[in-house]
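Please find below a colleague's note on the model under review. The points are numbered for ease of reply.

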Amino acid sequence: MAIEKKAPTTQEFYMPPPQMSKWEGFKVFLYNRDTGEVLGRTGSSWAKIGLFYMVFYAALAAFFAVMLVIFYQTLNHLEPKWKLGESLIGTNPGLGFRPMPDEKNVESTLIWFQHGSEGSWKPWVDRLQLFLDGYEPGQQTGHTVQP
């Protein structure tokens, strides 16, 4: 049995939307009493979007948690994984130096002096001794070093 379609009894044409002010249009957008839409969507549309995003973010959080568990399985809590020559920085990771340069030349990390001339290296020795004085017994308090 085929379902027969009835021809429309009246002709329907496009009708432009009613003219309303910007404020009235905004109020209708917030809540349309005729269609029951809130912000342009029906309740079922909001439910579908809400369900989709809840599932999407739950899957995203689960994926992150699984990756975190896998990462933690690769860690050794007793020693570092990469040491010395096996690591990217190798056996010479960098240089920290003391004594610090003069206040007038603090941007430079170059330590310079003239061999044999006591006046040129004496400030370096004095600043180094000042730095090391904080490590003398009786100068240390807790875990901090007094400069």
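**Note on the predicted model**

1. In this predicted model, mean pLDDT differs between the elements of the chain: helix α2 (residues 43-73) has the highest value, 95, and helix α3 (residues 118-133) the lowest, 81. Over the whole chain the average pLDDT is 80, and 80% of the residues reach at least 70. Where pLDDT is low, the predicted coordinates should not be read in detail.

2. As to secondary structure, the chain contains three helices and two strands. Their order, starting at the N terminus, is α-β-β-α-α.

3. Burial and contacts may be taken together. The chain has 147 residues, of which 6% count as buried. Of the contacts between residues at least 6 apart in sequence, 21% join residues at least 24 apart. The exposed area of the chain is about 14,200 Å², with 64% of it supplied by carbon and sulfur atoms.

4. Which residues form a nonpolar patch on the surface? The patch consists of Trp23, Phe26, Phe29, Leu30, Tyr31, Val38, Leu39 and Trp46, and together these residues have about 800 Å² of accessible area. Helix α1 (residues 22-30) is the element that gives the most to the nonpolar patch, with four residues.

5. One of the patch residues, Val38, belongs to strand β2 (residues 37-38). Why does Val38 count as partly exposed? Its relative accessibility is 36%, and the partly exposed class lies between the buried limit of under 20% and the exposed limit of over 50%; Val38 is therefore placed in that class.

Note on methods. Residues numbered from 1 in each chain as written. Predicted model: local features only at pLDDT ≥ 70, side-chain atom pairs only at ≥ 80, totals over all residues. Heavy atoms only, no water. Patch = residues over 30% accessible without salt bridge, like charges linked within 9 Å, V, L, I, M, F, W, Y side chains within 5 Å. Areas by Shrake-Rupley, 256 points an atom, 1.4 Å probe, with all protein chains shown as cover. Salt bridge = Lys/Arg side-chain N within 4 Å of Asp/Glu carboxyl O. Buried < 20%, exposed > 50% of the residue type's maximum accessible area, 1.4 Å probe, protein only. Contact = heavy atoms within 4.5 Å. pLDDT = per-residue confidence, 0-100.
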